[in-house]
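Please open the model in your viewer and keep the selection panel within reach. The tour moves from the whole chain to a few chosen places, and at each stop it says what to select and what can be found there.

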Amino acid sequence: MEATLPKTALIWSIFMGFCIFIVIHVYAEDSQMGYRQFSGGDYNDHLRKLQEFKASLLRHDSISVAPSSIVPSPSPSLIAPPTGSTSPRVYHVTSYGADPTGSRDSTDALAQAMADAFRGPTEGFLIEGIANLGGAQIDLEGGLYLISRPLRLPGAGVGNLMIHGGTLRASDDFPAEGYLIDLSPTSSGNMKEETKKESSMSAQLSSSSYNYEYITLKDLLLDSNYRGGGISVINSLRTSIDNCYITHFTTNGILVQSGHETYIRNSFLGQHITAGGDHGERNFSGTAINLMGNDNAVTDVVIFSAAVGIMISGPANLLSGVHCYNKATGFGGTGIYLRLPGLTQTRIVNSYMDYTGIVAEDPVQLDISNSFFLGDAYIVLKSIKGVANGVNIVNNMFSGFNKGIGIVQLDQTNGPFKDVEQVYVDRNNVRGMNIKGTVGRRSVQGNGSSWTVDFNPILLFPNLIRHVQYTLRAGGNAFPNHALRNMSNNRVVIESNVAVPASVFVTVDQGVAN
């Protein structure tokens with residue numbers, strides 16, 4: 001069977017014909033100007049050879065070629081890009097009709113971009129059951145977008161996706177309990193029929209116990225418009241929230257529930273936009289960050305207005321470099337609330353509690369260190385079942401206004417602490433507040449046979465001294481016998497067999513294990 005001339009051969013023959021024309025034209029001009037490169041015979045010979053080469057190209061239409069050997073190469077310019085995308089795996093939301101001025105509702109456009117990213121090409125799997133989207137990006141292009149319902153992926157079981165680079169603002173009819181970005185599978189009641197099928201298929205195909213893995217939310221400003229929250233991360237693995245500004249929330253700025261390893265960093269959260277000293281501070285509400293899962297980290301984050309800065313009800317979390325001035329303790333605010341009695345396993349380090357403090361319920365394995373407490377901010381250990389075990393509150397700085405406020409306090413409204421082991425509160429730098437700790441050092445002088453040292457002003461727990469060390473230095477040539485007689489009610493009594501002038505130095509410890 002005779003094959004038709006491929007398009008590429010036709011294009012090539014046209015190109016060569018054009019080259020021949022140029023060569024002839026140039027040589028002719030050179031000839032007229034006297035710059036002859038060839039003799040007359042050479043010139044005609046070269047021209048003849050070029051004409052024969054052109055003719056050989058045109059004879060390709062008479063060559064028999066097996067059809068199976070013809071593999072046409074489509075031009076890259078003829079391949080249509082995915083709808084709404086100008087480059088592979090980058091989904092520009094304005095290409096979907098999103099309004100970057102915030103004048104019109106862009107919910108459907110953004111949702112379609114997210115759906116296309118969800119359906120995009122994959123590169124194997126991350127954790128088992130989570131398809132790797134290969135670093136797909138939903139680019140907000142620096143715009144401000146008005147949305148009227150939470151933005152969700154149409155199903156679970158994907159990872160390695162980024163949403164970045166713009167502002168989302170809730171409309172006046174946004175659901176009051178919704179979140180601007182909701183990383184949870186779409187509820188069936190809010191899905192179109194096609195999306196329901198996709199969600200059902202993704203649930204069947206995904207064998208992972210997590211909804212998503214390695215989702216990154218970066219360089220975003222989220223304005224909840226006093227309608228619900230900012231970001232919800234439900235049962236996801238290795239989620240990153242980086243350089244985000246979240247404001248005007250009424251529930252949670254960020255909610256993390258189940259899953260683990262959500263990292264929140266370099267971000268700013270506040271219900272009201274203020275820099276302190278706000279006249280409406282007493283009315284601040286909501287929670288900036290609510291961690292209801294384990295193995296998460298909050299680092300280098302500022303919380304400038306909310307009733308509660310960070311609420312933690314899951315173990316093994318780390319807070320570092322957090323600055324809370326969300327609502328002063330005097331107005332009923334709490335900087336960090338640890339609501340996981342009996343299994344705290346939380347570290348709070350290198351942080352700044354600015355006029356607002358920390359509350360820990362029945363703390364077990366809690367470390368608060370190298371942090372600064374300003375404006376009479378303090379730490380409360382709250383009894384639920386009377387347990388405090390493995391607590392370190394050390395190497396912090398406290399600054400107050402000489403109002404007699406203790407740096408660490410007990411809330412025993414629900415009953416006294418009865419199970420106290422390995423609690424160490426010491427080596428804290430205090431100015432303008434009362435030192436409280438589990439280690440006390442005091443001395444007395446007197447002439448007699450009995451010396452009493454009262455540790456109640458400085459010891460944290462009432463009527464609890466487990467270990468005593470003392471030194472008695474007698475004056476003159478006396479060498480009396482002496483002994484520890486009593487250490488109840490946080491008072492230590494030392495007695496000698498004879499009356500002598502002496503100085504007594506005593507160290508006590510409440511936290512030594514039995």
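What follows is a walk through a predicted model, beginning with the chain as a whole.

**The whole chain**

Select the entire protein chain and colour it by pLDDT, the predictor's confidence in each residue. The average pLDDT of the chain is 85, and 78% of the residues score at least 70. Next, switch to a cartoon view, in which the secondary structure comes to four helices and 32 strands. Of the 514 residues in the chain, 48% are buried. If you look only at contacts between residues at least 6 apart in sequence, 65% of them join residues at least 24 apart.

**Two stretches to read with care**

Now select residues 1-7, where pLDDT stays under 50 and where the model has 13 contacts beyond four places in sequence. Then move on to residues 19-41, over which pLDDT also stays under 50, and for this stretch the model has 12 contacts beyond four places in sequence.

**Helix 3**

Select residues 107-118, which form helix 3, a helix of 12 residues that reaches 16 Å from its first C-alpha to its last, close to the 16 Å expected at 1.5 Å a residue. Is helix 3 largely enclosed by the rest of the structure, or largely open? Nine of its 12 residues are buried, so helix 3 is largely enclosed by the rest of the structure. Among the buried residues to display as sticks are T107, L110, M114, D116 and F118.

**The cavity**

Keep L110 and M114 in view, and add I138, L140, L151 and I163 to the selection, since together these residues line the largest cavity. Rolling a probe the size of a water molecule over the atoms shows where empty space is left. The count comes to one cavity of 30 Å³ or more, and the volume of the largest cavity is about 40 Å³. What kinds of residue make up the lining? The lining divides into six nonpolar residues, with no polar and no charged ones.

**Strand 11 and two positive phi values**

Select residues 252-270, the range of strand 11, and find E261 within it. N266 is found in strand 11 as well. Most residues other than glycine have a negative phi. At E261, however, phi is near 65 degrees, a positive value, and at N266 phi is near 50 degrees, again positive in a residue other than glycine. E261 is partly exposed, with a relative accessible area of 23%, while N266, with a relative accessible area of 37%, is also partly exposed.

**L464, in a loop**

Go next to L464, which has its place in the loop between strand 29 (439-454) and strand 30 (467-474). Is L464 buried or exposed? Its relative accessibility is 17%, so L464 counts as buried, the cut-off for that word being under 20%. Leaving aside neighbours within four places in sequence, L464 is in contact with V420, L459, N490 and Q510. Draw a distance from L464 to R491, which is 27 residues away along the chain, and the C-alpha atoms turn out to be separated by 9.5 Å.

**S503, in strand 32**

Finally, select residues 491-509, which make up strand 32, and pick out S503. S503 is buried, with a relative accessible area of 14%. Not counting residues up to four places away in sequence, S503 touches V444, Q445, T471, L472 and R473, so show these residues beside S503 as the last selection of the tour.

Methods. Residues are numbered from 1 along each chain as its sequence is written. This is a predicted model: local features need pLDDT of at least 70, side-chain atom pairs count only at pLDDT 80 or more; totals for chains, interfaces and linings use all residues. Side-chain values use heavy atoms; hydrogens and water are left out. On a 1 Å grid over the protein atoms alone, a cavity is a set of points where a 1.4 Å probe fits but cannot get out, and a pocket is an open set with protein on both sides within 12 Å along at least five of seven lines; lining residues have an atom within 4 Å of a point. Grid points are joined across faces, edges and corners, and a volume is the space filled by probe spheres set on the points. Ala, Val, Leu, Ile, Met, Phe, Trp, Tyr, Cys and Pro count as nonpolar, Asp, Glu, Lys and Arg as charged, and the others, Gly among them, as polar. The expected span of a helix is 1.5 Å times one less than its number of residues. Buried means under 20% relative accessible area, exposed over 50%, partly exposed in between (1.4 Å probe, protein chains only). pLDDT is the predictor's confidence in each residue, from 0 to 100. Contact means heavy atoms within 4.5 Å.
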